[in-house]
Amino acid sequence: MKESITIKRTTSGNKDFELLVSHLDNELWNELKEDQAQYDQYNKVPDLPTVVVIYVNDQPAACGCFKKHDDDTVEIKRMFVEKKYRQKGLSKMVLTELEEWALEHGARYAILETSIHFTAAKNLYRNAGYEVIPNYDQYIGLTDSVCMKKDLSARRHSGFRQLENIEYFDFEEDFVEEGIRCIPMIVRFKLDKAGIKLKLGEWSKFSSDEKMELAVLACSSEAEVKNYHDTVAVLIKQHTGKEATALPVDKEPAWNSAAVPKELDQKVMELDYTISKAQWNHLTTLQRFALLKLCKPGHENRNFPIALKEFGLIK
């Protein structure tokens, strides 16, 4: 039977987080023994609002958190996976979720400390893009400590690029506003078909896996459209406690027109370009949808000419 994995953003007062941290501390004392007394004082995370807990079949399995270090840096703390759930990629999932959350808080860098004895942890961080730095703050002079740092603002390829059988555009890699990756066009297209509104604040609360699921989930037949609507509604309720907002479904959407829509034609003319009917009909459905979204008033206008070039409409 397939395991159900859930990622939850919570606080350090969460009982499951407290349970996992107690197991982490037991392991540290058993492995590092008297040396742990030196480090235990630095591991406290009281009243922390940025904690991630992963559940496997509703059982707490992994955790991690971050706290503010300075104006543009967070410190990753309390990374742990229960022994029976290891080798499943959960530590990477926790770290990725923490990094995404840190970006939403406006952080540019993430730092952390681990032990020279924890090879698996060091490999995890190196593979995630962390580099060894001189020991900072309380770890200065502690020879068993390894401190690492990552530039979170460095360009990273979105996980959507690795998904098969979906369209995902190059300009969407730069589709970031205040650290929050915007909803990809493939998801927005399906939301319009399913008649459900998904706000950026709601989207930002979804886990990476949930975002990927919405990108690949079928939304063509009547049954698939209903299932897509229900899936999004459940996620919104789960993460916000609120009911989803309905979105009117356009029975004759402009992106489905054989002629270049007037609003697009006007926007292109403002930039001293033209799109012929032949060019318009040569585009994929999602490309036409994307252009119509990008030509509407708002911050996305900066990507409009970039998309025109990517779609081969201008040089």
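This briefing describes the fold, the central sheet, a helix pair and the salt bridges of one protein chain. The model is predicted. The chain contains 12 helices and 11 strands, and 48% of its 315 residues count as buried. Of the contacts between residues at least 6 apart in sequence, 64% join residues at least 24 apart.

**The seven-stranded sheet**

- Seven strands make up an open sheet of mixed pairing, and their order is β1-β2-β3-β4-β5-β7-β6.
- The edges are held by β1 (5-10) and β6 (131-133); each has a single partner strand, so one side of each is left without a neighbour in the sheet.
- On average, neighbouring strands of this sheet are turned by 30 degrees against each other, direction ignored.
- Helix α4 (residues 119-127) packs on the sheet and touches β4, β5 and β7. The direction of α4 makes about 160 degrees with that of β5.

**Strand pairings within the sheet**

- At the β1 edge, β1 runs antiparallel to strand β2 (residues 51-56), and six bridges join the two. In this pairing, Thr6 stands opposite Tyr55 in β2.
- Strand β3 (residues 59-70) and β4 are also antiparallel and are joined by seven bridges. The connection from β3 to β4 is a hairpin through two residues, and Lys68 stands opposite Val74 in β4.
- On the other side of β4 in the strand order, β4 and β5 run parallel and are joined by three bridges. Thr73 has Tyr109 in β5 as its bridge partner.
- Strand β4 (residues 73-81) is mostly covered, with nine of its nine residues buried.

**Packing of helices α5 and α8**

- Helix α5 (residues 185-194) and helix α8 (residues 222-240) pack with their axes 9 Å apart, at an angle of about 110 degrees. The two helices α5 and α8 are therefore roughly perpendicular to each other.
- From α5, the residues Val187, Lys190, Leu191, Lys193 and Ala194 take part in the contact; they meet Val225, Tyr228, His229 and Val232 in α8.
- The residues of this contact comprise six nonpolar, one polar and two charged.

**Salt bridges**

- Side chains of opposite charge can pair when their charged atoms come close. With a cut-off of 4 Å between a side-chain nitrogen of Lys or Arg and a carboxyl oxygen of Asp or Glu, the count comes to 14 salt bridges.
- Arg108 and Asp151 form a salt bridge through their side chains, at 3.8 Å from N to O. This pair links distant parts of the chain, 43 residues apart: Arg108 lies in the loop between α3 (90-104) and β5 (109-115), and Asp151 lies in strand β7 (residues 145-151).
- Arg108 counts as partly exposed at 39% relative accessibility, and Asp151 is partly exposed with a relative accessible area of 27%.
- Within helix α8, Asp230 and Lys226 are four residues apart, about one turn of the helix. Their side chains meet in a salt bridge of 2.8 Å, N to O.
- In this pair, Asp230 counts as partly exposed at 32% relative accessibility, whereas Lys226 is exposed, with a relative accessible area of 53%.
- A salt bridge also joins Glu263 and Lys296, whose closest N and O atoms are 3.4 Å apart. The pair links distant parts of the chain, with Glu263 in helix α9 (residues 262-270) and Lys296 in the loop between α11 (285-294) and α12 (304-310), 33 residues apart.
- Glu263 counts as partly exposed at 37% relative accessibility, and Lys296 counts as partly exposed at 36%.
- Arg9, Glu97 and Glu104 are linked in a network of salt bridges.

Conventions: Residues numbered from 1 in each chain as written. Predicted model: local features only at pLDDT ≥ 70, side-chain atom pairs only at ≥ 80, totals over all residues. Heavy atoms only, no water. Axes fitted to C-alpha atoms, helices over the stretch in contact; angles between N-to-C directions. Parallel < 35°, antiparallel > 145°, perpendicular 65-115°, else oblique. Contact = heavy atoms within 4.5 Å. Nonpolar A, V, L, I, M, F, W, Y, C, P; charged D, E, K, R; others polar. Buried < 20%, exposed > 50% of the residue type's maximum accessible area, 1.4 Å probe, protein only. Pairing = 2+ DSSP bridges.
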